[in-house]
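Student: I keep reading labels like "salt bridge" and "buried" without knowing what earns them. Can we go through some together?

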Amino acid sequence: ATEDSILKRRNERGELLVVAHSDSSTTSLDLKSPGKGDSVMVGVKGELYRKGVVISRFAAPKGRFIEADKVLWLEGGVTIESEEKNLTLTARTIRWKEATGLISAEGNVWLKGEEFESGPAPTLVTTPDLERFGTPDRFR
């Protein structure tokens, strides 16, 4: 296990997409099979980016980045705070997909702002800045 580790993901233009700091992590990669492997993290805090600028910050007791699917899983009680919109999302688990940039939240999902609260919901899909959100059947 590695202590105080950092995971960074960049797009094809080299722009940061996500940075995750963890208290400890373990990583499994196969250099002969690119795109396989994962990183398991404990005590995760980090940021999601758009065009090199932080758009939200997250924290979770546990996380995992799955290389093959390019998915960041956070679990154990997750909090995401939008930098731009002053909104907070809480859920049991979230999944951020690199390909779409969308967040899927599951389990006792709440979205809170200065003037509203929405929840609890079983699931919610949102943009990383929390500006657009909805249930999976209604999100476009």
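Student: How many salt bridges does a search of the whole structure find?

Tutor: Nine. Keep in mind that this is a predicted model.

Student: What makes E84 and R50 a salt bridge?

Tutor: Check the distance: their closest N and O atoms are 3.9 Å apart. The cut-off is within 4 Å, from a side-chain nitrogen of Lys or Arg to a carboxyl oxygen of Asp or Glu, so the pair E84 and R50 counts. The two sit in distant parts of the chain, with E84 in the loop between β5 and β6 and R50 in strand β3, 34 residues apart.

Student: What makes R50 and D129 a salt bridge?

Tutor: Try the test again: N to O is 2.6 Å, and the limit is 4 Å. R50 in strand β3 and D129 in the loop between β8 and β9 are 79 residues apart.

Student: Why is D129 called buried?

Tutor: Its relative accessible area is 4%, and buried means under 20%. So D129 is buried.

Student: And why is R50 called partly exposed?

Tutor: R50 has 37%. Partly exposed lies between the 20% and 50% marks, so the label fits R50. E84, at 44%, counts as partly exposed too.

Student: Which residue forms a salt bridge with R57?

Tutor: That's E83, with the closest N and O atoms 3.0 Å apart. E83 lies in the loop between β5 and β6 and R57 in strand β4, so the pair ties together parts 26 residues apart in sequence.

Terms used:
Residues numbered from 1 in each chain as written. Predicted model: local features only at pLDDT ≥ 70, side-chain atom pairs only at ≥ 80, totals over all residues. Heavy atoms only, no water. Helix = DSSP H or I, 4+ residues; strand = E, 2+ residues; numbered from the N terminus. Buried < 20%, exposed > 50% of the residue type's maximum accessible area, 1.4 Å probe, protein only.
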